[in-house]
Amino acid sequence: MKTKRIWAWVLCIVMLLTLAPVTGLASGADTAWAAETEAWLSNTDNKLYVGEIRVTADNAADIIGSYTGTGITGTAYFRVENGVPTLYLSGVTIETGFKIYHYSREWYNFYGIYYKPASDDSLKIHFSGRNMINVSKDIAENKTFGIHAEYDCENLEFIGEEGAYLGITAEQQIIAASGGALGLYGGEYNLLSENGSNVSSETLYCVGDLTIKDAAVTAVARDDRAIWMNAYPYESKSTRIQNSTVHLTGGADSAGLLSCGDLLIENSILNTTGG
């Protein structure tokens, strides 16, 4: 009986020693991400809003869970992974946006998601399930936007899991990478820009390379271009559509697609109409 007990203890010790390196590795990765995330969030010049909720060290692990307002539901969390700020969305609905005064015009802008890093940086947005952004405003003079990355963001990427959906309706730009490249990788996108009477209202806007890969995109701009890749110098940038289905509709006096650079279409369907 003693011999059996001894072998049982030996077996337990062997199993623990075998699992120890794996556990340590996972813990180390989590610790590194936690340190990166804490450092990024501790810089108050880094700004990320999900609707009207500012992402902070207190709510980053469950951004919407502690929200006491109305018009924002679902699951979202944020962390910095391998140096890249990364936002995760799952089944999110955003109707109450972040409000900021437009310094050169006499109105407020309302954003579904707003990102302004302290210095040149990127943002990845992973999404799963069905996600909807349709921000409301308080008075007619104000404007609504979808997802906006300011000039300090060099690269804005969306990664959609299998079956994931992102639907955005706003008056002005729907997804804007104002400082660099834009990438849509996987997922289904349904984008509608309703009114471009005062400022640009493209459904997709960027000033760097535009990549759409393994995605389904329907984009309608009632009064502007559906896509504007506004990069300079033109010869060094491109719009690339790979393994995707893309339907674009521009306004009465606007193109469905304007690419200031090369246009590359590979294994894809592109339908575009406009003025």
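1. **An aromatic cluster.** In this predicted model, ring pairs join Y49, F98, Y111, Y114 and F145 into a cluster. The structure holds 11 aromatic pairs. Two of them, W40 with Y115 and F127 with Y189, are taken up in the next points.

2. **W40 and Y115.** How are the two rings arranged? They are stacked, with centres 6.2 Å apart and 10° between the planes. The pair links distant parts of the chain. W40 sits in helix 1 (residues 2–42). Y115 sits in strand 6 (residues 108–116), and 75 residues separate the partners. W40 is buried because its relative accessibility is 9%, under the 20% cut-off. Y115 has a relative accessible area of 1%, so Y115 counts as buried too.

3. **F127 and Y189.** Here the ring centres lie 5.4 Å apart and the planes meet at 75°, so the pair is edge-to-face. An angle over 60 degrees is what earns that label. F127 belongs to strand 7 (residues 121–128) and Y189 to strand 14 (residues 188–193). The pair therefore ties together parts that are 62 residues apart in sequence. F127 is buried, and Y189 is buried as well.

4. **The nonpolar cores.** The largest nonpolar core has 57 residues. L156, F158 and L182 have the most contacts inside this core. What does F158 touch beyond four places in sequence? Its contacts are I125, F127, I147, L166, I175, L182, G183, L184, Y185 and Y189. A second, separate core has 5 residues, including F98, Y111, Y114 and F145. Those four residues also appear in the aromatic cluster of point 1.

5. **Strand 13.** Strand 13 covers residues 181–185, and 4 of its 5 residues are buried. The strand is therefore largely enclosed by the rest of the structure. Which strands pair with strand 13? One is strand 10 (residues 153–160), which runs parallel to strand 13 and is joined to it by 5 bridges. Within that pairing, E157 has G183 as its bridge partner. Another is strand 16 (residues 210–213), also parallel, over 4 bridges. There, L182 is matched with L210. L182 is also one of the residues with the most contacts inside the largest nonpolar core.

6. **Strand 11.** Is strand 11 (residues 165–170) covered or open? It is mostly covered, with 6 of its 6 residues buried. Both faces are covered. Y165, G167 and T169 are buried on one side, and L166, I168 and A170 on the other. Strand 8 (residues 130–133) pairs with strand 11 in the parallel sense over 4 bridges. In that pairing, I133 has I168 as its bridge partner. Strand 14 also pairs with strand 11 in the parallel sense, over 6 bridges. In strand 14, L191 stands opposite I168. I168 thus has a partner in strand 8 and another in strand 14. L166, from the strand's other listed residues, is among the contacts of F158.

7. **Two asparagines with positive phi.** N243 has a phi near 50°, a positive value in a residue other than glycine. It is found in the loop between strand 19 (238–242) and strand 20 (245–249). Its relative accessibility is 39%, so N243 counts as partly exposed. N267 also has a positive phi, about 50°, although it is not a glycine. This residue lies in the loop between strand 22 (262–266) and strand 23 (269–273). Is N267 buried or exposed? N267 is exposed, because its relative accessible area is 68%.

8. **The chain as a whole.** The protein chain has 1 helix and 23 strands. Buried residues make up 46% of its 275 residues. Among contacts with a separation of 6 or more, 68% are between residues 24 or more positions apart. The accessible surface comes to about 13,700 Å². Carbon and sulfur atoms account for 52% of that surface.

9. **Confidence.** The mean pLDDT of the chain is 87, and 85% of the residues reach 70 or more. Where does pLDDT stay under 50? It does so over residues 1–27. The model has 0 contacts beyond four places in sequence for this stretch. Where pLDDT is low, the predicted coordinates should not be read in detail. Helix 1 spans residues 2–42, and the low-pLDDT stretch covers residues 1–27.

Methods. Residues are numbered from 1 along each chain as its sequence is written. This is a predicted model: local features need pLDDT of at least 70, side-chain atom pairs count only at pLDDT 80 or more; totals for chains, interfaces and linings use all residues. Side-chain values use heavy atoms; hydrogens and water are left out. Buried means under 20% relative accessible area, exposed over 50%, partly exposed in between (1.4 Å probe, protein chains only). Contact means heavy atoms within 4.5 Å. Accessible areas come from the Shrake-Rupley method with a 1.4 Å probe; for residues, only the protein chains shown count as cover. Two strands pair if DSSP finds at least two bridges between them. pLDDT is the predictor's confidence in each residue, from 0 to 100. A nonpolar core is a set of buried Ala, Val, Leu, Ile, Met, Phe, Trp, Tyr and Cys residues joined through side-chain atoms within 4.5 Å. Rings of Phe, Tyr and Trp (its six-membered ring) pair if their centres lie within 6.5 Å; planes under 30 degrees apart count as stacked, over 60 as edge-to-face and the rest as tilted.
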